[in-house]
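Me: I would like to learn how to read a model like this one step by step, beginning with a single residue and working outwards. Could you take me through it?

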Amino acid sequence: MKDFWKKQLEKNKKLVFLAPMDWYWDSAYRQAMKRVSPHIFCVSEFYSADWLIHSRFLADSVLPHTEMEDPLIIQIFGKDPVIFANAAKIISESKYNIAWIDINMWCPAKKVVRSWHGSCLLINEQTAFEIVKHMHEATHLPISVKTRLSFDWNQNLINFIKWLENAWASLVTIHGRTAKQAYTGYADFTNIYELKKHVSIPVICNWDIVNYTDWMKKVKELDGIMLGRASFWNPWCFIWEPQINDDDFIEKTWVKRENFIDGVYHPTLSEILEAMEFHAEKLVETKWEKKWSLEIRKHLVQYLKNFPWVKKYRKRLVTTESVDNTREILEEIRKEFSEDLNKRPSLNEIEKKEENL
Ligand SMILES: Cc1cc2nc3c(=O)[nH]c(=O)nc-3n(C[C@H](O)[C@H](O)[C@H](O)COP(=O)(O)O)c2cc1C
């Protein structure tokens with residue numbers, strides 16, 4: 001499992017990651033994504049290194065996962081190299097079967113930065129170096145880092161990443177904004193392209209990538225991309241047209257050739273409804289009913305976000321109480337749109353319904 005991404009890079013294939021997303025990405029979400037896009041690598045939402053070493057309960061609830069999610073990457077945050085190393089030892093226990101560990105040097109949230117966690121490590125090179133080094137000594141798993149261009153433009157990205165490379169980081173993901181910019185402003189990839197020329201570990205870029213045609217424009221010489229929010233309503237955003245000729249890929253997923261238009265996959269209504277049902281079923285396998293209903297609601301509406309013609313079902317989807325109830329609603333949609341199930345809503349092929357609702 002170690003360095004498994006190398007195989008892909010050796011075949012000249014770019015690496016594609018599902019970004020870590022606190023409050024969104026759990027086992028069910030990852031399975032929903034991998035069902036359609038088995039080639040992607042999933043990174044978990046961030047967990048506190050501190051909590052992991054103090055609560056076996058947390059480790060036992062977040063580290064076990066299904067085979068479908070493999071190879072799974074676990075992201076942790078913190079500030080103390082020794083605590084990171086101890087957390088790495090727990091994550092590396094063979095029973096959890098985790099593929100590698102990612103360190104969050106990304107988070108710009110005030111409370112995280114004020115306590116010297118997350119993106120604050122960008123201004124604390126020595127600690128960042130010690131964290132990676134201690135973890136490397138504590139685990140056989142590869143260590144990667146997710147970070148930003150800099151904290152406030154006063155740091156040198158190339159020097160910072162070279163430090164991490166010297167401490168044995170195996171891969172870095174760079175988000176095209178500074179911590180001060182947080183979520184705003186124009187994302188700039190120029191410095192990331194420049195970084196690639198100066199380090200030998202794989203460099204992944206992240207921010208505002210929406211689909212294959214978009215990432216082909218941005219990835220250039222970089223080793224891959226990481227994509228987050230675009231997958232909220234579109235698990236198909238990770239797939240690309242040339243994969244149609246990849247037998248291995250076709251065997252593991254189901255996509256219809258005719259749904260690729262200008263390199264972008266446009267799922268049919270039937271595929272979208274199936275994806276929603278799968279997600280709901282997987283979530284109930286891992287969460288108790290009350291929690292399940294609170295969580296699935298936000299996902300269900302995201303899947304239908306761009307389709308005004310289903311607005312009358314939205315209200316019911318955001319109040320669904322059980323998987324059976326969700327299935328009933330989906331069944332009603334299927335019945336009402338029975339003639340349109342093989343049409344592609346994202347191309348407005350079901351326009352006439354809009355007028356009737
Ligand atoms: C709700 C939410 C939660 C996030 N949680 C994390 C996290 O736990 N760890 C992390 O490194 N990044 C986190 N991020 C940042 C994303 O991983 C990603 O870097 C960001 O959304 C930009 O990528 P995108 O434009 O493809 O969405 C989060 C972002 C959002 C919107």
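Me: Which residues does Thr 147 touch, not counting residues up to four places away in sequence?

Reply: In this predicted model, one starts from the contacts of a residue with parts of the chain that are not its sequence neighbours. Thr 147 touches Met 105, Trp 106, Leu 122, Val 172 and Ile 174, once residues up to four places away in sequence are left out. Thr 147 itself belongs to strand β5, which covers residues 143-148.

Me: Is Thr 147 buried or exposed?

Reply: The general idea is to count neighbours, and a residue is called buried if 20 or more other C-beta atoms lie within 10 Å of its own. Thr 147 has 26 other C-beta atoms within 10 Å, and therefore counts as buried. As for distance along the chain and in space, Thr 147 and Pro 242 are 95 residues apart in sequence and 30 Å apart from C-alpha to C-alpha.

Me: How many residues of helix α5 are buried?

Reply: A helix can be read with its periodicity in mind: an α-helix has 3.6 residues a turn, so residues three or four places apart point the same way. Helix α5, residues 81-91, is mostly covered, with 8 of its 11 residues buried. Those buried residues are Pro 81, Ile 83, Phe 84, Ala 85, Ala 87, Ala 88, Ile 90 and Ile 91, and they pack against α3, α4, β3, β4 and α7.

Me: Why is α12 described as roughly antiparallel to α15?

Reply: One compares the directions of the two axes, and angles over 145 degrees count as roughly antiparallel. The axes of α12 (residues 269-286) and α15 (residues 323-336) come within 10 Å and cross at roughly 175°, which makes α12 roughly antiparallel to α15. Among the residues making this contact are Leu 273 and Met 276 of α12, and Leu 330 and Ile 333 of α15; by class, the contact has 7 nonpolar, 1 polar and 4 charged residues.

Me: Into which domains is the protein divided?

Reply: The division is into domain 1 (5-244) and domain 2 (267-356), whose C-alpha centres lie 31 Å apart. Their contact takes 11 residues from domain 1 and 11 residues from domain 2, and the side of domain 1 that touches domain 2 has 7 nonpolar, 2 polar and 2 charged residues.

Me: Which residues come nearest to the ligand?

Reply: Of the 21 residues around the ligand, Ala 19, Pro 20, Asp 22, Gly 228 and Arg 229 come nearest. The shell as a whole divides into 11 nonpolar, 5 polar and 5 charged residues.

Definitions and conventions
Residues are numbered from 1 along each chain as its sequence is written. This is a predicted model: local features need pLDDT of at least 70, side-chain atom pairs count only at pLDDT 80 or more; totals for chains, interfaces and linings use all residues. A residue is near a molecule or strand if its C-beta atom, placed from the backbone, lies within 6 Å of it. Ala, Val, Leu, Ile, Met, Phe, Trp, Tyr, Cys and Pro count as nonpolar, Asp, Glu, Lys and Arg as charged, and the others, Gly among them, as polar. A residue is buried if 20 or more other C-beta atoms lie within 10 Å of its own, exposed if 12 or fewer, and partly exposed in between; C-beta atoms are placed from the backbone. Helices (H or I, at least four residues) and strands (E, at least two) are DSSP runs, numbered from the N terminus. Two residues are in contact if their C-beta atoms, placed from the backbone, lie within 7 Å. Domain bounds come from an automatic or database domain assignment. Axes are lines fitted to C-alpha atoms, for helices over the stretch in contact, and angles run from 0 to 180 degrees between N-to-C directions. Angles under 35 degrees count as roughly parallel, over 145 as roughly antiparallel, 65 to 115 as roughly perpendicular and the rest as oblique.
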